[in-house]
Amino acid sequence: MELPVTNPADPGYGQQHQHQQPWPDYRSWAPVLPPPGSSPVTSSSFPPSCQPFHSTAAPQRRPADMGPMWQLPSVPGGAVGSGFTQQAPCWFPSPPHCNGVLKPVPDVSSPTQMAPQGINSQPTSPVSSPKSESRYGMDPQLLPSVVQVLNEDRAQWEGKVFTSESQSSVPPLSTTSCTLEDRGNATARFVRSTSYSFPVEAQSAQQSHLPLAAIFCPLAKPENQERAVPVCEAGECVKGCVECGAFMSPAMSWQDCGQRFFCPFCSKLTEVPWQSYQPTNKGKRIDQEKRPELSLGSYEILETQKGEPAVLLLAIDVTAIAIRSGQLDFICQQLCSLLLSLDGEEDTDQSDLRVGLMTYDSRVHLYDLSPILSRPHMMVITDTEQLELPVREGLLVPLKDCRQIVESILHQLPLFDAETQDSSGSQDLPVPAALKILQAADCPGRLLVFHSSPLTESLDKQGSTGFFTSSKPKSIFQAPDSSTLLAKACISQGCSMQLFIFSQQDVGGAWPGHIPFLTGGKLICYNSLQSEVERERFCGDLRRSVNTEMAYKAQLRVFVSKELCVSGCYGAFLASPNSRCVAMAALDWRTALAFEFTHSKSLDETRGVAIQAVLSYSTSRGEKRTRVHTVTLAASQNLLDTFRTSQAETLLTFYCKKMYCSALETPLQCLREELQMEITEALACYRKHCCTTSISPGQLVLPQFLKALPVYINSLRKSEVLLPGLRSSVHQRLQLRSLTVSMDTRNTAAQFYPLILSLPVNSEGCSVELAVRCSASSLQSESLYLLYCPLTLLLWVGSSVPPEALTQLFSTSCFSSLMSGEINPPVLDNPLSVTLRNLISTLQSYADITLKLKVVKEGDSCEECLQRLLVEDKSPNGGASYADFLFHLHVNSLRRVAGC
């Protein structure tokens, strides 16, 4: 079956191209590989009323920006609403209603009756071919392709400059390597909007079912030689609005020759102090180009007041288990190497960094590191409930003055007698002690905890039984009250916790990651430190956690045009009653947050929409800074403008953060149904209000920039967080949710639609990598594929890979002798080995944690971990395939249009 496009501006989309583009560099995604064995079919395969489009045929009359259309199998019963019967859908075992959310379901005829002729042959899948097939006779390879969408965007923008101006057009995708230039609007590195044209009327916004939201990544790094965010002194900047507190930006409009300006965030006029006055020329100040706050969408203010620099606290588990396992010895060795590198190398010189050390079992041991002492003093605190510091001096000492003292302690810790040590210790025990130390020094800091003993249950007053006995709705994702209280104290003090766990033990409510993720840190788990692969992974994570620049005591405030209001905020933070303001203990350059907006009254179409994010924070050196990002978007009466300026990856990022945060209170089934309902209503609205009446019921119509939205939403719906499988542990789901909810747009898109690269297997070792769709039908037995998402890196080896390729990669020519599992790829001097290692290095730079390569052989039992990444197929946890989900969306949207 062929799913052609009928857009005259893009007649080639939807047809199978036979050329293959090379991966031009290692900073962008690769192009699509045409499905093997695919061949177009004749128009006779379709019903007479649904003839496909060919380049020789006359296009239908419709708006030029309406978007592409695909031909789907004919709907049973002919007219919409006349041939449907209510029955349960194939992937919903639950009743058809949940909290008022209706799940409309089409009449599902047998696939043989609904399938057009000529599509009975499917590409052979080496993994699981039936999961790639559609129940309704559609060829999945001919549906809208994410990889092709990425290719088209790369072809348009890669290597070019996109200018971000007031009410500018849709920016390039986050995966496209291009230069973003700020000319009065913050670039997409910092702010991405779900739509770049908001509806003027609230009724139109509700009718579209597209969320009006923005994704903020306030500390994002510039790429492709983009200029850094300019910094200006606080006393030199033109002050912002005195009424609402918004900062100066190009969104302010000047009046009365520059004597006052109009604030779009509160619609008030503010007088300009005479010290900052400058005349205007054609509505712009004459000094505009000299001042970042007047000419740029992003700038930073350096405050005159300076605080205390951030410190580094190390907390080490010294229980008997840690000593006997040998993990304590290796941890201490790596900490010695880390401190030496921080104190020695010029490019990473942090010799002035203040360091503190503590150890713990069932008690807390503090160390006085004062250089004036002949030997360090250890102080044991047994009363951990009412913890008080025995001394205040010597607990935090500059690294250059105490490195040798700390090293001597680290060398002695593994020599403790395991028989005299306690057998267990709480992973949360160091947090109160760290807070006391930071409060005494009045400074923020980073707490690294190395925990080896079994995880302990949180000593909450409600206990684990409260989960079942309380009438208040509970969720496995909710943090215990004790963890929430500690996280609030850490946020107030600016204490970020990084927790390294070396004990794999799933205990009901004992997941220890709540405090790390709520304070801007992470929880990283290891199977053991016995294998070389795990040791290298730990070393990489340790150095990354220390060397990553952090912003402490951060507060993010969002201002929006007076006609709008902030209705929700989503991310890895503790929610507060004020949705416009978020407080965080720390955040790094990858952290992203989502804010949702709703209408309070009609927008002004001429002024558009102004959105401003203001991040106040303290650097690791104690500098207090304020970073300002402002964007101005268009407002339109035409609903088509809202659809054609939306981006699928930004909508995915917003829905991911909203759904994962809503999982704290809302049943997962209702969240999955809400996702399906929202996308169905959006497609129905687009079809009804943005299409002509000549569109036949068998044609699927999608907006130009939302072609990838259905596969993204389906991948989100069937993720392990929202749809747990039989083998999904509670800890794995909690970890996955916490890691994903703080991702930026690029990593979120890669998480829900992984990158699959086909590696060259010819003897010449050509350095051409081809991206293929996330489906089992794309994997061929004679090929090698590298699969990447921000949390996983797999190398799939087909059973018929040439022996020469196996020799170049693994130094073995026998497929049966190759072992599956995590490996360090051998360093071999041949093109294929070099290509693989370069790819791994590049992909690792995108990830927030150290990834280790896992080899998966075709036919091995561990192939299930691969099947989770093939998001276009039916997933192991029962999630629907992309083709089936798209068919249901299409038919249900037709019923919405018909008013059923």
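This text walks through an open sheet, two cavities and a buried helix. The model is a predicted one.

Start with the sheet. Six strands build it, and it is open. Read across, the strand order is 32-31-33-34-36-35. The pairing is mixed. Strand 32, residues 770-771, forms one edge. Strand 35, residues 821-822, forms the other. Each of these edge strands pairs on one side only.

Look next at the edge held by strand 35. Its partner is strand 36, which covers residues 854-857. The two strands run antiparallel, and two bridges join them. One facing pair can be picked out by name: E822 lies opposite K854 of strand 36.

Now turn to the internal spaces. A general point helps here. Rolling a probe the size of a water molecule over the atoms reveals where empty space remains. In this structure, 11 cavities reach 30 Å³ or more.

The largest cavity encloses about 310 Å³ of space. Its lining counts 25 residues. Closest to the centre are K522, D588, T591, S742 and D848. Two elements, helix 12 (514-518) and strand 26 (581-587), each supply at least two lining residues. Strand 26 gives the largest share, with four residues. By class, the lining of this largest cavity splits into 13 nonpolar, seven polar and five charged residues.

The second largest cavity has a volume of about 220 Å³. Here 17 residues form the lining. S174, A188, R189, A220 and D744 lie nearest the centre of this second cavity. Three elements give two or more residues to its lining: strand 6 (191-193), strand 8 (212-216) and helix 19 (745-752). The lining of the second largest cavity holds nine nonpolar, two polar and six charged residues.

Helix 19 deserves a further look. It spans residues 745-752 and contributes two or more residues to the lining of the second largest cavity. How many of the residues of helix 19 are buried? Eight of the eight are, so the helix is largely enclosed by the rest of the structure. Burial here means under 20% relative accessible area. The buried residues of helix 19 are T745, R746, N747, T748, A749, A750, Q751 and F752. Helix 19 thus appears twice in this account: as a source of lining for the second largest cavity, and as a helix largely enclosed by the rest of the structure.

Note on methods. Residues are numbered from 1 along each chain as its sequence is written. This is a predicted model: local features need pLDDT of at least 70, side-chain atom pairs count only at pLDDT 80 or more; totals for chains, interfaces and linings use all residues. Side-chain values use heavy atoms; hydrogens and water are left out. Two strands pair if DSSP finds at least two bridges between them. On a 1 Å grid over the protein atoms alone, a cavity is a set of points where a 1.4 Å probe fits but cannot get out, and a pocket is an open set with protein on both sides within 12 Å along at least five of seven lines; lining residues have an atom within 4 Å of a point. Grid points are joined across faces, edges and corners, and a volume is the space filled by probe spheres set on the points. Ala, Val, Leu, Ile, Met, Phe, Trp, Tyr, Cys and Pro count as nonpolar, Asp, Glu, Lys and Arg as charged, and the others, Gly among them, as polar. Buried means under 20% relative accessible area, exposed over 50%, partly exposed in between (1.4 Å probe, protein chains only).
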